[in-house]
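Welcome! Take a look at the protein below, and then we will walk through it together, one topic at a time.

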Amino acid sequence: MSLHLDGLRDSLGSTEAEPAQRGTVQIGGAAEIMTLRVLPALAPLTGRGLYLHATFGLARDLLVDLAADRLDLVVSAIRPTHHALLAVPLADEEFLLVGPPSMARTVDADRLRTALAALPLVAYGEELPILRRYWRGEFGHRPANPVALVAPDLRAVLAAVETGAGISALPRYLVEPALAAGRGIQLHCSEAPPLNTIYLAVRRGAPANPALTVVRERLTDAAADGENSERGAPPCRPADGTYTAEKARGFSGTSTVPADEQGGDSTQGRWRKTLCRCGNQMMLTP
């Protein structure tokens, strides 16, 4: 299930007629997903009097803070295993393999795997957490490509890709603007693209907090709206080199490290099997 930001704005509408909602919620998550999806989705609640305090970090560290009562809610890219925590799946994030247009033109579609193996990588971490998972799932082995740049922020990874440093696997929602503007090209498309489940985690037995309940409901409702907006999306198909963003929007989320690279279960709680929605995106298919 994916959370659709544009549809979310429409579904939220005006907050003028909604009741006041006082209280504070301490919420944690990865900087990318919080900045580009979660906080914009929750912003209308502040107009009703709600106070939000956001903390950015890695899922494992934030879950420790949640268990220690330093946070009320964590948007987590891994499924919590601590007995004191309770989590429900929120959304599935979908990853795309992208590169700069100048580099994409050097890839021979008839020899896709060989051509991709020669291109430099832009990675989130030295161990290639996201790229390793993508390569293993799609090509059956770890990437042997040279690594050109490592940056611990997916927005920085995207910026480096756009400016020609190399190729990378990134969440769909993050790369959509670059694809739509022609600053990036999708290099590979799969019938069942790599997914990672995003969870909402809270403490078991925590005192009742009406403000927290409103925040959880708002995110869950937005995720449901996103799923409805994407029903009937076309399967992956080659096309004419243009990109239709409306066919590929979604809160696919952003995890800094996929669940199976952190010991989590990326299939547990998955709400749907997402097809590769390439729309009219120019891509290379094996």
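Let's begin with one residue: Asp65 is partly exposed, because its relative accessible area is 22% and the buried class ends at 20%. Its side chain meets that of Arg70 in a salt bridge, 2.8 Å from N to O. Keep in mind as you read that this is a predicted model.

**Confidence in the model**
- The average pLDDT of the protein is 77, and 71% of the residues reach at least 70.
- Residues 1-15 stay under 50 in pLDDT, and the model gives them 45 contacts beyond four places in sequence.
- Residues 230-286 also have pLDDT under 50, with 184 contacts beyond four places in sequence.
- Where pLDDT is low, please do not read the predicted coordinates in detail.

**The overall picture**
- Nine helices and nine strands make up the secondary structure of the protein.
- Buried residues come to 53% of the 286 in the protein.
- Among contacts with a separation of 6 or more, 83% are between residues 24 or more positions apart.
- The protein exposes about 12000 Å², and 51% of that comes from carbon and sulfur atoms.

**Salt bridges**
- Side chains of opposite charge can pair when their charged atoms come close.
- How many salt bridges does the count come to? The count comes to five, and the Asp65 and Arg70 pair is one of them.
- Arg155 and Asp153 also join their side chains in a salt bridge, at 2.7 Å from N to O.
- Within that pair, Arg155 is partly exposed at 31% relative accessibility, while Asp153 is buried at 19%.
- Arg183 and Glu162 form a salt bridge too, with 3.0 Å from N to O.
- This pair links distant parts of the chain, 21 residues apart: Arg183 sits in the loop between helix H8 (172-181) and strand E8 (185-188), and Glu162 belongs to helix H7 (residues 154-162).
- Arg183 is partly exposed, with 37% relative accessibility, and Glu162 is partly exposed as well, with 25%.

**Nonpolar cores**
- In soluble globular proteins, nonpolar side chains tend to be buried together.
- The largest nonpolar core here has 62 residues, and the members that touch the most others are Leu97, Leu116, Trp135, Ile167, Val215 and Leu219.
- Apart from that core lies another, of nine residues, including Ala59, Leu63, Leu66 and Leu71.

**Helix H6**
- Is helix H6 largely enclosed or largely open? Nine of the 11 residues of H6 (residues 129-139) are buried, so the rest of the structure largely encloses this helix.
- The buried residues of H6 are Pro129, Ile130, Leu131, Arg132, Arg133, Tyr134, Trp135, Glu138 and Phe139.
- Trp135 also appears among the core residues that touch the most other members.
- After H6 comes Gly140, which has a positive phi near 85°.

**Strand E9 and its partners**
- Strand E9 (residues 195-203) is mostly covered, with nine of its nine residues buried.
- Leu195, Thr197, Tyr199, Ala201 and Arg203 point one way from E9, Asn196, Ile198, Leu200 and Val202 point the other way, and all are buried.
- Strand E3 (residues 73-76) runs antiparallel to E9 and is joined to it by three bridges.
- In E3's pairing with E9, Val74 stands opposite Ala201.
- Strand E4 (residues 85-99) also pairs with E9 in the antiparallel sense, over nine bridges.
- Here Leu85 is the residue opposite Arg203 in E9.

Methods:
Residues are numbered from 1 along each chain as its sequence is written. This is a predicted model: local features need pLDDT of at least 70, side-chain atom pairs count only at pLDDT 80 or more; totals for chains, interfaces and linings use all residues. Side-chain values use heavy atoms; hydrogens and water are left out. pLDDT is the predictor's confidence in each residue, from 0 to 100. Contact means heavy atoms within 4.5 Å. A nonpolar core is a set of buried Ala, Val, Leu, Ile, Met, Phe, Trp, Tyr and Cys residues joined through side-chain atoms within 4.5 Å. Buried means under 20% relative accessible area, exposed over 50%, partly exposed in between (1.4 Å probe, protein chains only). Helices (H or I, at least four residues) and strands (E, at least two) are DSSP runs, numbered from the N terminus. Accessible areas come from the Shrake-Rupley method with a 1.4 Å probe; for residues, only the protein chains shown count as cover. A salt bridge is a side-chain nitrogen of Lys or Arg within 4 Å of a carboxyl oxygen of Asp or Glu. Two strands pair if DSSP finds at least two bridges between them.
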